[in-house]
Each structure stands twice: as C-alpha cells, then as structure tokens.
Amino acid sequence: MSQNAAFQQFTVDFWPKAKAKGVSRRLYNKVMGNLTPNPKVIELDGNQAEFNTPIWDYLAKRVSDTRIQKGRAMLQEHRSLVRAIEQRTGVDRHVILAIWGMETNYGGYKGELSTIRALATLAYTGRRQKFGRKQLLAALQILQNGDVSPEQMMGSWAGAMGHTQFIPTTYNAYAVDWTGDGKRDVWNSIGDATASTANYLRKSGWKKTRPWGWEVKLPRGFDYSKAGRSKRRSVAAWAKMGVRPIRGGNYGVSRAESWIVLPAGAKGPAFLVTQNFKAILAYNNSIAYALGVAHLADRIRGAGPFVGRWPKDDPQLSRNQRKELQALLAGKGHYK
C-alpha cells in the first residue's frame, strides 16, 4: 500500500472519533476527504529551536533590538487595548506583547500551513501521533463551531494558530471573544488573540501581585543542589540565604514562592523566578522560551539587558548527548 493510500485509510478509520466529538460528516468529508500527508511537517518535527540551540543564541535572536523596538511601537499603537486586557485579567501587558512578539513577530508570520493537514500528518505518523490525534479532533471541533473557515485555519507545522499561536485544545479551553462579534478569531483579531493569551496565563496561575522573577547574584559558596523547580522557597527565604537582585534594591515581595533557574549552569546568569514564570511555561514548557518572553517583556518596558555573562566558551551538549547523560545518571540511581 502506498503512503497516500495508507493515509487515506487513516482518514477513513479516524471518522468515528470525529463523529463522537460532534463533527458532521459533511464537514469531515470536506476537510479530510482529499488530504495527503505533508512532508514538511515530518521534516520539522523534532527540530524545535528551544531544545537545540544554545540559550544565548536563542535569546539573541528572539529578543533582538528590532523585536524590542517593534514591541515598544506595538505598546504605543495598542495601548488602550492591552491596558484594558491587563485591567480585566491582571496579566502584565508587556508579557502579553512579548508572547505575541515571540510567537509571530507581532503578527508578521502566523504560519502558512493548513492546520488540518499538518495535524492529520502528525496524527498519522511519527513520534507525536497521540498529540496529533488529540489536536486534530479539537481543530475539527473549532471548524464545526464556525469560528473560522477551513481556508483561514492556517498555522505552524505543529498546529499552532493565529497571532499568538494557540494549539486547538488550548483554543477550545481558553480563547475569548474580546471584540464581541460572536467569534473567537485569534487569526485576524489582535484583540481576540491577545485577550485569549492573557486569559490562558491568568488561568495558568498568573497573579498581578508578583513579577515573573529577577536576575540575581548568588552568594559565594552557594549550594547548587538547591536550584531547580522542586526546591521552592519564599523570596524572603532566598534573601536570607544571600540571594540578591543583581541590579540591587529589594524584591518588593517576600512571601511569593520562588526557585532558582540556571539556564546555562553555574557559570551563567542566575534567576529567581515565581509562579508567574511557571504560568509562562504553561504556554511553552521550555526554560529558554519562558526566559525569552520574560526578558522581552522587561525590555519592552524599558529595562536593560541581562547583567550576567553567558559561558559561550563552554562546550554545549547536544539534545541526544543530554538524553544519554540523563539515562546514565538514572541508571546509577540519581533520578527518582
């Protein structure tokens, strides 16, 4: 059986699952009837920059001077919108803008692949079939609800859509109709897209009473085994241990739960982050991504670059080497 024939059989076999989710036969035949797998999706799968690029190169590209300046321009252009969203949700307007900038360069590139075809390809083959099938069903439900036409449902190779790149399940759970026109149009409406992003962050735990975190200076002799998300303490407890904001001053919050992040190890910059950083991680579970969003937000606000220097001369392990090292450590009982 050829690949296209096997794919067509997959679409036939997938119909009962879509029917169970309320998708009509007419819609299913229209969008799934003549599909072929997208080879570009297979090529791009497994090559995400967040996990394959040294963090200093990742941040230099995504928090560039051009993106910072454009973010500040967007802040002025959409000031009333993002201020209203911030007032309603409590989510920092600069973080909303930073996600928009990180995801699509403020709408400059929202993806040009058919979401249905991309997700059907992932659902059919490769390492992400479970993800692809779940997202494909959610995307079909979006079409069934009428928020967007099949022709306008475009996005990334992994099914992320619109100005702020919602995957279909996230869209169904968190997208909002900010404009009140009866549709949650994250593809064309900046208001709907940015408000949906703020709603997602709010429901992921964002609180306006705390920042995302701080770049910090660790005390001499710091015990690095105390770093990591599982080693949470109050900001006051870290301050008592000698962890200080690198630019001086006070934290401003003392009871917030926080932990130390060392994205390039002991020789690189150190950060004390709060649950708001965790809310950004809910959007994309990558330290590099979350730090990029947080830093871009600060730069749009007017803050300066990081103070600490990245250890660019240290050799970096590849993703496969890191996995091999972790497997060896696990074999020696160092992981639960």
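In the predicted model, helix H7 (79-89) and helix H8 (93-104) pack with a right-handed crossing, H7 passing H8. Their axes come within 9 Å and cross at roughly 115°. On the H7 side the contact is made by Arg79, Val82, Arg83, Ile85 and Glu86, and on the H8 side by Arg93, Ile96 and Leu97. Sorted by class, the residues of this contact comprise 4 nonpolar and 4 charged, with no polar residue.

The loop between H7 and H8 contains aspartate 92, which forms a salt bridge with arginine 301. The closest N and O atoms of this pair are 2.0 Å apart. Arginine 301 belongs to helix H15, so the salt bridge ties together parts that are 209 residues apart in sequence. The count of salt bridges in the model comes to 6.

Helix H15 (residues 287-301) also packs against helix H5 (residues 55-62), their axes coming within 10 Å and crossing at roughly 40°. An angle from 35 up to 65 degrees falls outside the roughly parallel and roughly perpendicular ranges, and H5 and H15 are therefore oblique to each other. The crossing of H5 past H15 is right-handed. Ile55, Tyr58, Leu59 and Arg62 are the H5 residues in this contact, and they meet Ala288, Tyr289, Leu291, Gly292 and Leu296 of H15. Of the residues in the contact of H5 with H15, 7 are nonpolar, 1 is polar and 1 is charged.

The strands are described next. An open sheet is formed by 5 strands, with antiparallel pairing, in the order E4-E6-E7-E3-E5. The edges are occupied by strand E4 (233-234) and strand E5 (244-245), each of which has a single partner strand, so one side of each is left without a neighbour in the sheet. For E4 the partner is strand E6 (residues 257-261), to which E4 is joined by 2 bridges in an antiparallel arrangement. Within this pairing, serine 234 stands opposite glutamate 257 in E6.

A helix packs on part of the sheet. Helix H14 (residues 275-283) lies across E6 and strand E7 (270-274). The direction of H14 is at about 85° to E7, and E6 and E7 follow E4 in the strand order given above.

Key: Residues are numbered from 1 along each chain as its sequence is written. This is a predicted model: local features need pLDDT of at least 70, side-chain atom pairs count only at pLDDT 80 or more; totals for chains, interfaces and linings use all residues. Side-chain values use heavy atoms; hydrogens and water are left out. Two strands pair if DSSP finds at least two bridges between them. Helices (H or I, at least four residues) and strands (E, at least two) are DSSP runs, numbered from the N terminus. Contact means heavy atoms within 4.5 Å. Axes are lines fitted to C-alpha atoms, for helices over the stretch in contact, and angles run from 0 to 180 degrees between N-to-C directions. Angles under 35 degrees count as roughly parallel, over 145 as roughly antiparallel, 65 to 115 as roughly perpendicular and the rest as oblique. A crossing is left-handed if the near helix is turned anticlockwise from the far one by less than a right angle, and right-handed if clockwise. Ala, Val, Leu, Ile, Met, Phe, Trp, Tyr, Cys and Pro count as nonpolar, Asp, Glu, Lys and Arg as charged, and the others, Gly among them, as polar. A salt bridge is a side-chain nitrogen of Lys or Arg within 4 Å of a carboxyl oxygen of Asp or Glu.
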